[in-house]
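Let's take a guided walk through a protein structure together. Keep the sequence and the 3D view side by side, and look for each part as we come to it.

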Amino acid sequence: DSVFAHVVRAPEDPILGVTVAYNKDPSPNKLNLGVGAYRTEEGKPLVLNVVRRAEQMLVNDQSRVKEYLPIVGLADFNKLSAKLIFGADSPAIQENRVTTVQCLSGTGSLRVGAEFLARHYHERTIYIPVPTWGNHPKVFTLAGLTVKTYRYYNPATRGLDFEGLLEDLSAAPSRAIVLLHACAHNPTGVDPTLEQWEQIRKLMRSKAMLPFFDSAYQGFASGSLDGDAQSVRMFVADGGECLAAQSYAKNMGLYGERVGALSIEQIEIPVVSVVVGVKERRNSFKDILVLFVRVPRLMYFCHDSQVCKSADVSAKVESQLKLVIRPMYSNPPIHGASIVATILKDSNMYHEWTVELKAMADRIISMRQQLFNALQAKGTPGDWSHIIKQIGMFTFTGLNAEQVAFMTKEYHIYMTSDGRISMAGLSSRTVPHLVDAIHAAVT
Ligand code: PMP
C-alpha cells in the first residue's frame with residue numbers, strides 16, 4: 001500500500017471548485033459566474049492591449065535577461081506600486097516611510113504581510129469582516145495570527161451593518177490588526193461611504209489599531225484608480241501606520257502572472273532635535289533637503305531628523321520582510337512585474353491602461369443595470385435594487401444555498417453557494433438566461 005494511503009481527500013476549494021464543476025458540465029447553456037475573472041461581452045478572457053504592447057516591448061528589448069530578481073522584487077515596480085496606492089504626492093513616500101516588496105499577487109502579499117506581523121507586531125489578533133473572501137481566514141491563520149471577526153454585512157438591508165461594525169471594533173482590543181477591503185468588498189459589493197470610512201478611521205486610530213488593507217480591485221469599482229484608493233489614502237494622510245496588499249490580477253488582467261505588492265507604511269516620527277537656529281515644524285524630506293543644500297554643515301544633524309529615523313525603520317522592516325520571503329519562495333517572478341513597471345512608468349501607457357480599465361468597470365456597471373432591468377421587466381418578486389447599489393466585480397444576490405443549487409441543477413448556472421455572482425462573467429446575451437433561473441428559483 002502507498003505510504004500516503006491514509007491521506008484523506010480534502011474538500012474542493014469553495015470558489016475554485018465552482019469552475020471544476022462548471023468544466024465538467026456538458027450543457028451548451030452553462031454559465032460560470034463563480035470565479036472573479038473578467039470576461040468580454042463574448043464571454044472570453046481579456047488581455048489588455050496595453051499589456052500586449054508592454055510585453056512586445058519587453059520581448060524586443062535584447063538587453064533583457066532572465067536573471068533572478070532581488071528577494072524584494074523589482075525596484076521600479078515597488079516604487080510605482082506604492083505611488084499607485086498611496087498617491088503620487090504622498091508625503092509618506094516622500095519621507096521614506098514606506099517599505100514595499102513585490103509579492104505573488106494579492107494572496108502572496110497578504111501572506112507575507114501576515115507572517116511579518118506574526119513575528120514582529122505585539123498584538124497577533126486580526127479582525128476580518130463577516131463575510132469576507134474565503135481565503136482570508138486560512139491565509140492569516142497559517143501565517144500565525146489569531147483570526148476574529150467584525151460584523152460587516154446586514155442581510156436584511158443587503159447593505160453595510162455600520163453599527164455592528166463600529167460596535168465590534170469598539171469592543172475589540174486596542175492595537176488589534178483590522179483587515180479592511182480597500183474597495184469593492186468581496187463578496188458583498190458593499191463599501192462604506194467616505195463619511196463612514198472617516199468614522200472607522202477615527203475609531204481605529206483612537207484605539208491604536210493597525211489597518212491592513214486588501215486592495216484587489218483598485219480601479220475596478222468606480223473605474224478610477226484614485227477614487228478607489230481613497231479609503232487607504234485617508235489612513236495614510238493621518239500619519240499613522242498601515243499595511244496594504246495590492247493585486248494586479250483584476251485591474252491589469254494579470255491573473256496568472258501572480259504580480260502584487262505589499263507596502264508597509266510607518267508612522268511619522270516627530271523631530272526630536274530641531275535643526276539649529278531654524279524653527280522647524282515637522283520636517284518633510286523636502287524641507288530638510290532644502291536646508292541641507294543651503295547650509296551643508298547641517299548634515300551633521302541628519303541623525304536626529306525625522307527622515308533618517310523613518311528611513312532607518314523602513315530599512316529594518318525591509319530586512320525582516322526578506323527573512324520572511326527568502327525561505328518561502330526565494331524571490332518573485334520577473335515577467336509580470338516588468339509588464340506592470342513598463343506601463344506605470346510611461347505616461348502614455350499609463351493613460352491607455354486607465355482607459356481600458358474604465359471600459360472593464362463600465363461594462364460591469366452596465367451588466368448590473370441590465371440584470372436589474374430584466375428582473376423588473378419579468379416581474380420577479382423581491383427588491384433587486386441592491387444589484388445596482390453594490391459595486392465592484394460581485395453582486396451578493398441574497399439567493400440562498402438551496403436556490404443556488406437549484407439554479408445550477410436546472411439552469412447550469414454556476415456560482416458560490418453564498419449567492420455571490422461575478423458580474424464580470426455576465427453579458428447581454430446571458431442576462432435573460434440568468435433572469436429565468438433567478439425567477440424560477442424565487443417563485
Ligand atoms: N483579496 C480579495 C478580496 C480577492 O477577492 C482576491 C481575489 N479573488 C485576492 C485578495 C487575491 O487575488 P490574487 O492573489 O489573485 O491577486
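Helices here are DSSP runs of H or I with at least four residues, numbered from the N terminus. Leucine 357, for example, sits in helix H14. Please keep in mind that this is a predicted model.

Let's start with the sheet. Strands of a sheet pair through backbone hydrogen bonds, either parallel or antiparallel. In this model, 7 strands build an open sheet, and their order is S2-S10-S9-S8-S7-S3-S4. The pairing is mixed. At the edges you will find strand S2 (98–103) and S4, each of which pairs on one side only. As you step from one strand to the next, the twist averages 25°.

Now zoom in on two of the pairs. S2 and strand S10 (residues 260–265) run antiparallel, and 6 bridges join them. One place to look is valine 98, whose bridge partner in S10 is glutamate 265. S7 and S8, on the other hand, run parallel and are joined by 5 bridges. Here isoleucine 177 stands opposite leucine 210 in S8.

How many residues of strand S8 (residues 210–215) are buried? The count is 5 of the 6, so S8 is largely enclosed by the rest of the structure.

Next, look at the helices that meet the sheet. Helix H7 (residues 162–171) lies across S3, S4 and S7, and runs at about 140° to S4. Helix H6 (residues 136–143) has four names worth finding: His136, Val139, Phe140 and Ala143 are its buried residues. They cover an arc of only 90° around the axis, which means that they are on the same side of H6. What do these buried residues pack against? Their partners are H5, strand S3 (125–130), strand S4 (146–151) and strand S7 (177–181). Just after H6 comes glycine 144, with a positive phi of about 105°.

The ligand is our next stop. Around the ligand you can find Gly36, Ser105, Gly106, Thr107, Trp133, His181, Asn186, Asp214, Ala216, Ser247, Ala249 and Gly260. Which helix gives the most to this shell? Helix H5 (residues 105–120) does, with 3 residues. Sorted by character, the shell has 8 polar residues, 3 nonpolar and 1 charged.

One of the residues around the ligand, Asn186, also leads us to a special peptide bond. The bond from asparagine 186 to proline 187 is cis, with omega near 15°. Proline 187 belongs to the loop between S7 and helix H8 (194–206). A second cis bond runs from valine 130 to proline 131, with omega near 0°. You can find proline 131 in the loop between S3 and H6.

Let's visit some other loops. Serine 330 has a positive phi of about 70°, although it is not a glycine. This serine 330 lies between helix H12 (306–329) and helix H13 (335–345), in the loop. Is serine 330 buried or exposed? It is exposed, with 10 other C-beta atoms within 10 Å, and a residue counts as exposed if that number is 12 or fewer. Histidine 412 is another residue other than glycine with a positive phi, here near 60°. Its place is the loop between helix H16 (401–411) and strand S12 (413–414). Histidine 412 is partly exposed, with 18 other C-beta atoms within 10 Å.

Glycine 379 is in the loop between helix H14 (347–378) and helix H15 (386–389). With 8 C-beta neighbours inside 10 Å, glycine 379 counts as exposed. Try measuring from there to histidine 439: the two are 60 residues apart in sequence, and their C-alpha atoms are 8.5 Å apart in space.

We can finish where we began, with leucine 357 in helix H14. Is leucine 357 buried or exposed? Leucine 357 counts as buried, because it has 22 C-beta neighbours inside 10 Å and the cut-off is 20 or more. Leaving aside its neighbours within four places in sequence, leucine 357 is in contact with Gly219, Gly223 and Asn251. Glycine 253 is 104 residues away from leucine 357 along the chain, while 9.2 Å separates their C-alpha atoms.

Terms used
Residues are numbered from 1 along each chain as its sequence is written. This is a predicted model: local features need pLDDT of at least 70, side-chain atom pairs count only at pLDDT 80 or more; totals for chains, interfaces and linings use all residues. A residue is near a molecule or strand if its C-beta atom, placed from the backbone, lies within 6 Å of it. Helices (H or I, at least four residues) and strands (E, at least two) are DSSP runs, numbered from the N terminus. Ala, Val, Leu, Ile, Met, Phe, Trp, Tyr, Cys and Pro count as nonpolar, Asp, Glu, Lys and Arg as charged, and the others, Gly among them, as polar. The arc is that of the directions from the helix axis to the C-beta atoms. Two residues are in contact if their C-beta atoms, placed from the backbone, lie within 7 Å. Two strands pair if DSSP finds at least two bridges between them. Axes are lines fitted to C-alpha atoms, for helices over the stretch in contact, and angles run from 0 to 180 degrees between N-to-C directions.
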